[in-house]
Every structure is written in C-alpha cells, then in structure tokens.
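Here is a short briefing on one protein chain. Look at the structure first, then read on.

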Amino acid sequence: MARTTPHEPESSDDRPLYGRIAALLLDELRDGTIPPGERLPGERHLAAYFQVSRETVRQALEVLRRSGLVATDRRGSHATLPALPVEAQGTPAFPLGVRSADPAAIDQATVTWEAPPPEHAQALGLAPLRPTLVHRYRSATPDGRSLRTAVTSFSAVALAEVAELARYRGRADGATPAQLRRAYDWMRKAGLSLHHRDSISQVDGASSVRVTRRVHDQYARPLEITDLVVDAERDTLVYEFTLPAAG
C-alpha cells in the first residue's frame with residue numbers, strides 16, 4: 001500500500017533503529033524511487049522524513065556506504081545500485097519530452113507539495129487550492145539558455161495507488177532532485193494501464209510550442225497532466241515510440 005506520511009519504523013523489529021532506517025532507504029534504492037547516481041536528500045531532511053535524529057540517519061547512511069550502495073563525494077551522498085531495466089517496451093518517457101535534441105543539455109527536476117495550476121486541478125478532479133505532488137523539469141544548455149520546461153501535477157488516485165510516488169510527499173521541498181524517470185513504470189507496476197493524450201499548440205507571442213499530456217488509467221481516472229514548453233528556435237521536439245514485437 002502507498003504511504004502518504006513519513007515512514008515510521010516498526011517497533012517490533014529487533015534491529016537497531018539505524019539498521020531499520022538503512023533497510024527503508026535500501027527499499028527505495030532497489031525500487032528506483034531514488035535512481036542510481038541521484039543525490040540523496042540531506043541528513044536533516046531524511047531525519048524529518050523518517051522522524052528520527054540526524055545521528056540515526058548518519059549511522060544508517062554509513063551502513064549503506066560500507067555495503068557499497070551509497071557513495072559520498074563533494075556533491076553529497078548518492079545511490080550506486082545498477083539501474084533497473086525498463087519493465088516494458090513502449091513505456092513513454094516521463095516527463096513528456098525529457099530528452100532534449102541537444103546532447104549537451106543539462107536536466108534539472110524537483111518536486112513540491114503545493115496547489116497545482118488551476119487548469120491542472122480541473123483536469124485531475126482536485127478541489128481548488130488542494131495541494132498535490134507537482135514535478136518541475138528544466139532542460140538548458142551549458143551556458144544556461146532554457147531549451148524546454150515541464151510542469152506535471154499528479155492526481156490523488158496516482159498518489160494513493162503508486163507507492164513510489166507517494167513517498168515523495170515527505171521530501172517535496174522544491175530543492176531535492178527528483179527526476180522520476182520511472183514514474184510510468186511505477187504506475188504500470190501498480191496495475192494501472194496508461195492511456196495518454198498529447199495535444200500541441202503554439203504559445204502566444206513566442207517562438208515556442210506547448211505540448212499538454214493527459215494520462216488516465218483503465219477506469220478513466222486521471223493520473224497526471226504535464227505541460228511542456230519547447231523553444232522552437234533552439235530545440236526540436238521529437239516523438240519516439242517503441243512497439244513490442246508481436247508474440
């Protein structure tokens with residue numbers, strides 16, 4: 001079941017508290033909630049998320065470091081597990097347009113817990129000003145010129161059904177990196193069939209195009225909506241589909 005509140009270590013576990021925190025972190029590393037190479041949240045954030053002291057978090061990270069599952073450098077601690085394979089061919093990329101045509105582009109993404117844009121709230125069936133998980137993505141050239149930006153809002157259904165997404169509520173501070181590139185795989189793993197509809201329009205008074213993706217499940221329940229804006233003068237939007245072989 002998805003957890004929408006910070007983890008609370010089970011008191012019946014006879015391992016030391018830092019060992020239980022290490023096990024919870026390992027679960028997130030293994031299922032891809034924290035992808036390989038991605039920086040882990042800081043000690044203070046993890047302590048608040050797991051509702052333990054920073055010293056306990058520090059000991060848990062040390063356990064993972066000794067096992068070779070986490071490495072620490074000047075950027076902080078990051079996951080070192082091998083990347084998990086994509087679960088099925090044809091799974092669309094998240095967020096929409098995640099790969100820029102510029103091979104030197106630098107991607108940044110974060111999540112926040114906030115009221116989504118009004119049009120997103122309406123599409124997702126959320127009450128006005130009701131907060132949800134909002135993912136922001138930006139791809140830019142090495143000199144800082146923006147190539148494309150995307151804002152994604154998730155529905156209450158997605159957060160209730162998909163455990164990996166629900167875990168991000170406790171770390172949605174707008175600063176912690178969160179690519180969520182396996183988001184659609186996580187939805188499929190939760191038993192949801194994905195139906196997506198993309199619409200393309202020109203941004204008024206600009207040389208950019210807007211692509212809006214709406215995703216719903218097999219029961220017509222909305223899961224997420226993404227607005228992607230691409231600078232048509234600097235970047236090229238490419239749709240790429242991979243279909244499984246007939247079996």
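Which residues do ring pairs link into a cluster? They are Phe94, Phe154 and Tyr184. Keep in mind that this is a predicted model. The briefing takes the rings first, then Asp235, then confidence.

**The aromatic cluster**

- A search of the whole structure turns up 2 aromatic pairs.
- In one of them, Phe94 and Phe154 have ring centres 5.8 Å apart. Their planes meet at 35°, so this pair counts as tilted, because tilted covers angles that are neither under 30 degrees nor over 60.
- This pair links distant parts of the chain, 60 residues apart. Phe94 sits in the loop between strand S2 (76–79) and strand S3 (106–114). Phe154 belongs to strand S5 (residues 146–154).
- Are these two rings' residues buried or exposed? Phe94 is buried, with a relative accessible area of 1%. Phe154 is buried too, at 0%.
- Phe94 also forms an aromatic pair with Tyr184. Here the centres are 5.5 Å apart and the planes stand at 90°, an edge-to-face pair.
- Tyr184 lies in helix H7 (residues 183–189), while Phe94 lies in the loop between S2 and S3, so the pair ties together parts that are 90 residues apart in sequence.
- Both Phe94 and Tyr184 are buried.

**Asp235 and its surroundings**

- Where is Asp235? Find it in the segment after strand S9 (222–231).
- Asp235 has 6% relative accessibility. It counts as buried because that value falls under the 20% cut-off.
- Set aside the neighbours within four places in sequence. Asp235 is then in contact with Ser100, Ala101, Asp102, Leu147, Arg148 and Val230.
- One of these contacts is Arg148. Along the chain, Arg148 and Asp235 are 87 residues apart. Their C-alpha atoms are separated by 7.8 Å.

**How confident is the prediction?**

- The protein averages a pLDDT of 80. Of the residues, 80% score at least 70.
- Where is confidence lowest, and where is it highest? The lowest mean is 68, in S2. The highest is 96, in helix H4 (residues 118–124).
- Over residues 1–5, pLDDT is below 50. Beyond near neighbours in sequence, this stretch has 12 contacts in the model.
- Residues 83–88 also stay under 50. The model gives them 14 contacts beyond four places in sequence.

Note on methods: Residues numbered from 1 in each chain as written. Predicted model: local features only at pLDDT ≥ 70, side-chain atom pairs only at ≥ 80, totals over all residues. Heavy atoms only, no water. Helix = DSSP H or I, 4+ residues; strand = E, 2+ residues; numbered from the N terminus. Buried < 20%, exposed > 50% of the residue type's maximum accessible area, 1.4 Å probe, protein only. Contact = heavy atoms within 4.5 Å. Phe/Tyr/Trp six-rings, centres within 6.5 Å; stacked < 30°, edge-to-face > 60°. pLDDT = per-residue confidence, 0-100.
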